[in-house]
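Student: Hey, I'm new to this one. Can we walk through it together?
Tutor: Sure, let's pull it up and start from the inside.

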Amino acid sequence: MTATTTRQSKKDRWDRHASRVTEPRESWGPSAQLAATDTDPTPPALLVEGVTKRFAVGRKKKPVTAISNVSLRLERGGIVGILGANGSGKSTLIRLMCGLLTLDEGRVEVFGHDIVRDELAVKRLINRVSVDAAFFKKLSPMENLLFAARLYGLDAGTARGDAVAILGRLGIAERRVNRPVEQMSRGMQQKVAIARALLTSPSLLLLDEPTTGLDPRSKLDVQAFIEEIRDDHDASIVLTTHDLDEAERLCGRITILADGKVVAEDSPDGLKRLVAERHGQEPTLHNVFMTYTGRSLDDDVEEDGSKDDE
Ligand SMILES: Nc1ncnc2c1ncn2[C@@H]1O[C@H](COP(=O)(O)OP(=O)(O)OP(=O)(O)O)[C@@H](O)[C@H]1O
Ligand SMILES: [Mg+2]
């Protein structure tokens, strides 16, 4: 077999997988489950409306409001970036979007399904990759992926082929997929986390800092893969990142959070125009970030309770 045919057969396998990304409805049961709701014939991939989340941090202290009255809308096939300084609420918002945290106020809908009332339907449409993904470290990437596949009720044989294709696409060779995860570098583990999320063919993918800690080449691999999923496979994506070039490259819309509130929302070009016109600054995303968050990317939120509002 020539190198070309090997590449081709890998691509075929990936394409087969990818076609499921665009058509998850059938692999996950009755298509009625995803039918348009009565109220909105073409609901967006994600609708977040007036969401607030408070954390109790000790009996006497007032609760910390980590997310305050946040709204955003992600159209199908789009990528929305969430930017903000450390502690601004990005990961909390992602956890609220996938039901890992309960909402104190507001609502979240995924393809028209309410995340609280229609929890099961939402879980089938969504997957999340976080920078601190957990694995069975003694098990191999393949075993971890097959475990996830079983949780989602996927066919083991198909899942195995898909896993090899996705891992290969992310630069993890077939010979590496059977060694324990604990022997892999953090960057490689991050790629396995992304592969695991994609195995379930999510229609909405929540990526919490997917490229943090990756070397420049791996970062480009993952960014290209994210673009590919969006462009060719119709997935809708929420992305948090501290890499402004990445946000500019990938995101159609950007929401900027500061202290749990939305302080700016627009396309990357729209945001750049805004800082140029309103603040007389050079139109760069760096200046946008600095203007709207009032702090540098490396600064942390004060730990002195200044966020203990309300
Ligand atoms: N389980 C929790 N209990 C109490 N406070 C929490 C909890 N999770 C998050 N917070 C607080 O909520 C705020 C937002 O945290 P979050 O992790 O969402 O920020 P982030 O924007 O993702 O930061 P980073 O860029 O560092 O990942 C912080 O003040 C944090 O301390
Ligand atoms: Mg975070």
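**The core and beyond**

Tutor: This is a predicted model. Its largest nonpolar core has 72 residues, and those with the most contacts inside it are Met97, Ala163, Ala195, Leu206 and Val238.

Student: Which helix gives the most to this core?

Tutor: That's helix H7, residues 186-199, with seven residues.

Student: Why would residues like that end up together?

Tutor: In soluble globular proteins, nonpolar side chains tend to be buried together.

Student: You listed Leu206. What does leucine 206 touch?

Tutor: Leaving out residues up to four places away in sequence, leucine 206 touches Ile94, Met97, Cys98, Ile126, Arg128 and Val238.

Student: Ile126 and Arg128, what strand are they on?

Tutor: They're on E6, where both faces are covered. Ile126, Arg128 and Ser130 are buried on one side, and Asn127 and Val129 are buried on the other. Put as a count, five of the five residues in E6 (residues 126-130) are buried.

Student: Which strand does E6 pair with, and is that parallel or antiparallel?

Tutor: E6 pairs with strand E7 (residues 204-208), in the parallel sense, over five bridges. For one example, valine 129 has leucine 207 in E7 as its bridge partner.

Student: Okay, new topic. What sheet do the strands E1, E2, E4 and E5 form?

Tutor: Those four strands form an open sheet, in the order E2-E1-E4-E5, with antiparallel pairing. E2 and strand E5 (113-114) stand at the edges with a single partner strand each, so one side of each has no neighbour in the sheet.

Student: How many bridges join E1 to E2?

Tutor: Seven, with strand E1 (residues 46-55) and E2 running antiparallel. Leucine 47 has arginine 73 in E2 as its bridge partner, and arginine 54 has threonine 65 in E2.

Student: And how many bridges are there between E1 and E4?

Tutor: Five, again in the antiparallel sense, and strand E4 covers residues 105-110. One pair to look for is valine 48 with its bridge partner in E4, valine 108.

Student: Switching again: what surrounds ligand 1?

Tutor: There are 14 residues around ligand 1, and the closest are Phe55, Ala66, Asn86, Ser91 and Thr92. By class, the shell has five nonpolar, seven polar and two charged residues.

Student: Which element gives the most to that shell?

Tutor: H3 does, with three residues. Strand E2 (64-74) and helix H3 (90-97) each supply at least two residues of the shell, and E2 is also one of the edge strands from the open sheet.

Student: Back to helices. How far does H6 reach?

Tutor: Helix H6 (residues 156-169) has 14 residues and reaches 20 Å from its first C-alpha to its last, close to the 20 Å expected at 1.5 Å a residue.

Student: Which residues of H6 are buried?

Tutor: Ala159, Asp162, Ala163, Val164, Ala165, Ile166, Leu167 and Arg169. You've met Ala163 before, among the residues with the most contacts inside the largest nonpolar core.

Student: What comes just after H6?

Tutor: Glycine 171, which takes a positive phi of about 90 degrees.

Student: Now zoom out. How many helices and strands are in the protein chain?

Tutor: Eleven helices and ten strands. The chain has 310 residues, and buried ones make up 40% of them.

Student: What about contacts between residues 24 or more positions apart?

Tutor: They account for 67% of the chain's contacts with a separation of 6 or more.

Notes
Residues are numbered from 1 along each chain as its sequence is written. Chains are lettered from A and ligands numbered from 1 in the order in which they are written. This is a predicted model: local features need pLDDT of at least 70, side-chain atom pairs count only at pLDDT 80 or more; totals for chains, interfaces and linings use all residues. A residue is near a molecule or strand if its C-beta atom, placed from the backbone, lies within 6 Å of it. Ala, Val, Leu, Ile, Met, Phe, Trp, Tyr, Cys and Pro count as nonpolar, Asp, Glu, Lys and Arg as charged, and the others, Gly among them, as polar. Two strands pair if DSSP finds at least two bridges between them. A nonpolar core is a set of buried Ala, Val, Leu, Ile, Met, Phe, Trp, Tyr and Cys residues joined through C-beta atoms within 7 Å. A residue is buried if 20 or more other C-beta atoms lie within 10 Å of its own, exposed if 12 or fewer, and partly exposed in between; C-beta atoms are placed from the backbone. Two residues are in contact if their C-beta atoms, placed from the backbone, lie within 7 Å. The expected span of a helix is 1.5 Å times one less than its number of residues.
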